Amino acid sequence: MSSTLLPRVVSFLLGLWLGSYLPYIPFFVMTIFIGLAIGLTWCERKDGLTSQTSLILYVCLLAGVGFWTIGEWGKSSMVLLSTAGEEEVWLSGLVAEPVQHAPGRMTMLVQVISIGEGEMKKKVQGLLRLTWREPDAHVHRGDDITVRARLRAPFGTRNTGGFDYGAYLQQRGVEAVAMVKGPDQIHVISPDSTNLTALFWSRIDQWRNQVRQAVLSNLTDPARGLFLGMIVGEQSYIDQEVRDDFMTTGTVHIISISGSHLGLLAFLSFMSVRGLTRRMPAPWLERLSCRITPKQLAVVITLPLVVFYTLLSGAQVATVRSLVMIALYLLAVWFGHERQIIMALGVSVLLATLFDPMLIYDLSFQLSYVSVLAIALAIALAIQLTQGSEEECEDVQSFGERIQTWLHQYLLISCAATLATLPLVAYYFNQVAWLGVVANMAVVPFVGLFVVPLGLLSSILALVFDLESLPLAWLSQLILDGLSVLVHFIARAPGAEWHVASPAPLAIVGFYLCLLFVFLHHRPVLRWASAVILMGLIVWWIWSPRLIVYDDTLRTTFLDVGQGDATLLELPDGQTVLIDGGVAYERWDMGRMVVGPYLWDRGIRKIDHLVATHPQLDHVGGLAWIIQHFDVGHYWTNGVPRVEPFYQRLSNVVDENRLIEQVAWAGQDLIEGSTCQLRSLNPPRKESGMSQPFPENHSGAELNNLSVVLSLTCGNHSILLNADAEVESLERMANESDVQSATLVKIPHHGAKSSFSKDWFNQLTAKIAVVSAGQRNRYGHPASSVLKHYDQKGMEVYRTDRDGAVMVSQKLHSTETVIQTTQAQVLSVVDLDRNVLQQEAKNLRRLWGKWSGVY
Amino acid sequence: MTLTPSRLLHRVLHVLLPMNCISCGEELFDNPVPYICPSCWETISVLPDPKCPCCNLPFSSPSTLTHSPQHLCGRCRQRPPAYTKACTPYAYHGVLKDAISQFKYHGKVRLARPLAQLMASAWDLPQDLDGIIAVPLHPTRLREREYNQSLLLAERLSHHLGVPVLWNVLVRTKHTVPQTTLKRSARIKNLRKSFAVIRPNEISGKKVLLVDDVFTTGTTINECAKTLRKAGAETIYVQTLARMV
């Protein structure tokens, strides 16, 4: 029945998706179009699909392609950066989305209107992501702002299989980013009274601000962060550890505002209004129901409440998705139509993608729809099952039995949602949150029925009576702290935190096809076969074994950790060595964001040798997180302690994990094997003074000269890893045989001028050099004068700031070196003036690599 | 047919929330009556004459009333009903039965208007009435069902006739098992003394119209009429939507 819309929505989505590949693989996409047309004609003959239906489906497909393409054209102008140039400029624009707050900063998306001042003013259009650190004024959505800032292209770290923040921003249409710091940096003009939409959004943002201020002054962590996350949609106040607990227990969706919040709120409001109305005196009820029935009254009261919550929470994608679905459900109740969740789902997908087609690649969009679809199917299945059994026992169930059935259904729903989101969670977060099955059963109703209604009630009270403090704050504090303790407790279950490799996208597609077959197909043989495949995939993903296909290959990866260093060695015998782990600030931990996920993707859970070359933040910052989450064999350092907090954190973690710090003195063999040898060339052995902390205000050069320099020799290959060694230590090492025999050199100290030693350089015979540096870093690394030398020597230079991660594979018994870079795996738009087929073939190979997970 | 805003809304509604005809299951798109396709709706037709002049029971022989227009049916002769005259225009089966059941039990209150219109279009009673009274529900049942379907019909009918609804005059004092589950003899027993008039002065000496959805055996209607008569109502007309035949 009802299902005319759903296939059309699916084919529209398919169209959007194909449309997104059209510029890269035009011929292949065309072939798919033709194939689909033939397929539909075949279905027409075979299954009695009417030609009208198939025509409509095909038109929906083409509409999807067209819609995507038009959306892309609209964004292709990219004029902000070219107009602004490299210097600081004055610019003005409108705040386009709810302002996001975090401790000590706010972030806003600005629709830029003009750049420059006075006569030089130029009108431009484009989205800018502006961060204001240490702000001293409120900014709201819809405000007109003027600011002086230097624009930069959005950038992130580019690692194969990793998350690239820059690409993410660009996909969302953000052309540039900028940061200002300190008071009075942004001049704010509130919208004038004629601009009603701007006024509306500004008012909503002011409400959010008021609630946020009240929460900040009345609640303490962790309740504070959780309240802001769940009620106002401000994620950044939640402690990273609290978030990790929620992530581990599979309940992370409840600290952002998702369907369950809105749905349970709607349920609670609907049921209580309906129940209260039904209990009014009979004559009143009789009279009222002639105009509006209790059910309809409940709809009328619930709908504005959910809309209010959506607006207060900043109207994020997942929230609006649930709002659309709940609104449709309530409309169906009002009009007495059949209530079909799947239908409502289809409509809300359509509305969301028409609003922004890019959403199909949005993580929260995908997770949100997949889980709701799974829940809807599970409910349908549960109804099917109970209907089957009802025929046998006609009498009314006792209370106990009803609770039992209800629990069964609830468990089924929880299982379905966890199972359906498993591949996506594994893909994006490298985690299998299997505890979600149980944890959600406790946490979701608790949050939906107590936390959110209470939070909303106190927010509404604060807004209505214009209070500076949050009413009922003590109660919120109590139950939110309780929630965090509960989740923390569940997260400590043995094996709760289980990390896996990102599944290959093709396997994920296969997983969902099998899941659909299990749910929907009527032939038992196919159902069972799908179930078996499904189980196989899940076991494989959970196991996530290390795939050592070629046992004579040495793999070296220079990760892109921004400005910093992180190098992974995978030796032919299976041993792993990690040298440095990038920078770590409180919310920008390269160990967590880059190194950890990459290790998991490689199936690595144990690091045999972890080397902290020298205690500087950009080298060892991320290591603390790595030690906490991986099994570390040996821990090597240069033996220099420091007093700064980042070093304290690291040494605390080292102690907690009972690691013994070993110093990699020059001449020390870290690995002494038959195939490979890892030797230290620096720092020179010093028997005394190693327990003295390094002076705090000392120049970096001395510390850099004490970095652990390593040389790895495997068969015909030799890799020289120079850390941050500067001229002094380089000159000392210049005559080492390892320097001369190296076949691959990591350029010392991110390519800085102070680390170029002529003597040392002249000894090099390597053909390949790699430099690790951050995109547009403030030190100007790598120095062009240094790179010129390497160029003149005819060396191939790879740079993490341009190429992203650099992955080197070398076979032991040949001299061949295969180098791949993340940037080279990015699809490039086919240029129609050149050999199209050749470019397309290249893109297809990249796509195959991405989709099959074989790089 | 012009596309009025309400019709446009209606179409959008059907795209967003598709609905199948409650009777034939055909997907609905452009139907003036909610939930029912036009072709189903057209099958609802008035019961053919002749009918009992009192209780409106259709006679099987077409010539029953030709010679004696006041000829009553057997039941009315045996036990004269408490009401003056009843009008029960439609047969309770097929599409109408589906519609009434959806209207009554499944919250489809939007059917009140078209169903009341059906009643009005088959009008066979005097128009000079003093008030309209719906067969009441017991408060417990009212809370269960959330509305009184007869009152909904009465209310729409009152708009049409320009006659006021007499609110809260006739009430049900006993919570009884549903009549539909019982046989005729048990029905009478079931309903005994279950109605009461709480404000007799509003109906004493008045001409009132008693409205219900379905006339099955007439027991409920008759019990109500009796109670009204006792409270002093002068003339009691009965209008139901459908009749069990």
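Let me start with helices H18 and H19 of chain A, residues 505–520 and 524–543, which pack with their axes 8 Å apart at an angle of about 145°. This is a predicted model, so please hear every value as computed from it. The crossing of H18(A) past H19(A) is left-handed. On the H18(A) side, the residues in contact include Phe511(A), Phe517(A) and Phe519(A), along with Cys514(A) and Gly510(A). On the H19(A) side, they include Leu534(A), Leu537(A), Ile538(A) and Trp541(A), as well as Arg527(A) and Ser530(A). By class, that contact has 15 nonpolar residues, 2 polar and 1 charged.

Next, still in chain A, helices H16 and H17. H16 covers residues 436–464 and H17 covers 473–491; their axes come within 10 Å and cross at roughly 160°. Because of that angle, H16(A) counts as roughly antiparallel to H17(A), the cut-off being over 145 degrees. The two cross with left-handed geometry. From H16(A), Val443(A), Phe446(A), Val447(A) and Phe450(A) are among the residues that take part, and so is Ser458(A). They meet a set in H17(A) that includes Leu475(A), Ser476(A), Ile479(A), Leu483(A) and Ile490(A). How many charged residues are in this contact? There are no charged ones; the split is 14 nonpolar and 2 polar.

Now a pair in chain B. Helix H9, residues 184–191, and helix H10, residues 219–230, have axes that come within 10 Å and cross at roughly 30°. That angle makes H9(B) roughly parallel to H10(B). The crossing here is right-handed. H9(B) contributes Arg187(B), Ile188(B) and Leu191(B), and H10(B) contributes Thr219(B), Thr220(B) and Glu223(B). The classes come out as 2 nonpolar, 2 polar and 2 charged.

On to cavities. Counting those of 30 Å³ or more gives 7. The largest holds about 80 Å³ of space. Which residues line it? From chain B there are Ile133(B), Ala134(B), Pro136(B), Leu151(B), Leu166(B), Trp167(B), Asn168(B) and Leu170(B), and from chain A there is Glu286(A). That lining divides into 7 nonpolar, 1 polar and 1 charged.

The second largest cavity has a volume of about 60 Å³. Its lining includes Thr157(A), Asn159(A), Thr160(A), Gly161(A), Gly162(A) and Phe163(A), and further along the chain Met593(A), Val594(A), Pro597(A), Tyr598(A) and Asp601(A). By class, this lining has 5 nonpolar, 5 polar and 1 charged residues.

Last, some backbone details. As background, most peptide bonds are trans, and most residues other than glycine have a negative phi. Where are the cis bonds I want to show? One runs from Asn682(A) to Pro683(A), with omega near 0°. Pro683(A) sits in the loop between strand S17 (676–682) and helix H24 (700–705) of chain A. Another joins Asp49(B) and Pro50(B), with omega about -5°. Pro50(B) is in the loop between helices H2 (38–42) and H3 (64–67) of chain B.

As for phi, Asp580(A) has a positive value, near 65°, and is not a glycine. Asp580(A) belongs to the loop between strands S10 (576–579) and S11 (584–585) of chain A.

How values were computed
Residues are numbered from 1 along each chain as its sequence is written. Chains are lettered from A and ligands numbered from 1 in the order in which they are written. This is a predicted model: local features need pLDDT of at least 70, side-chain atom pairs count only at pLDDT 80 or more; totals for chains, interfaces and linings use all residues. Side-chain values use heavy atoms; hydrogens and water are left out. Axes are lines fitted to C-alpha atoms, for helices over the stretch in contact, and angles run from 0 to 180 degrees between N-to-C directions. Helices (H or I, at least four residues) and strands (E, at least two) are DSSP runs, numbered from the N terminus. Angles under 35 degrees count as roughly parallel, over 145 as roughly antiparallel, 65 to 115 as roughly perpendicular and the rest as oblique. A crossing is left-handed if the near helix is turned anticlockwise from the far one by less than a right angle, and right-handed if clockwise. Contact means heavy atoms within 4.5 Å. Ala, Val, Leu, Ile, Met, Phe, Trp, Tyr, Cys and Pro count as nonpolar, Asp, Glu, Lys and Arg as charged, and the others, Gly among them, as polar. On a 1 Å grid over the protein atoms alone, a cavity is a set of points where a 1.4 Å probe fits but cannot get out, and a pocket is an open set with protein on both sides within 12 Å along at least five of seven lines; lining residues have an atom within 4 Å of a point. Grid points are joined across faces, edges and corners, and a volume is the space filled by probe spheres set on the points.
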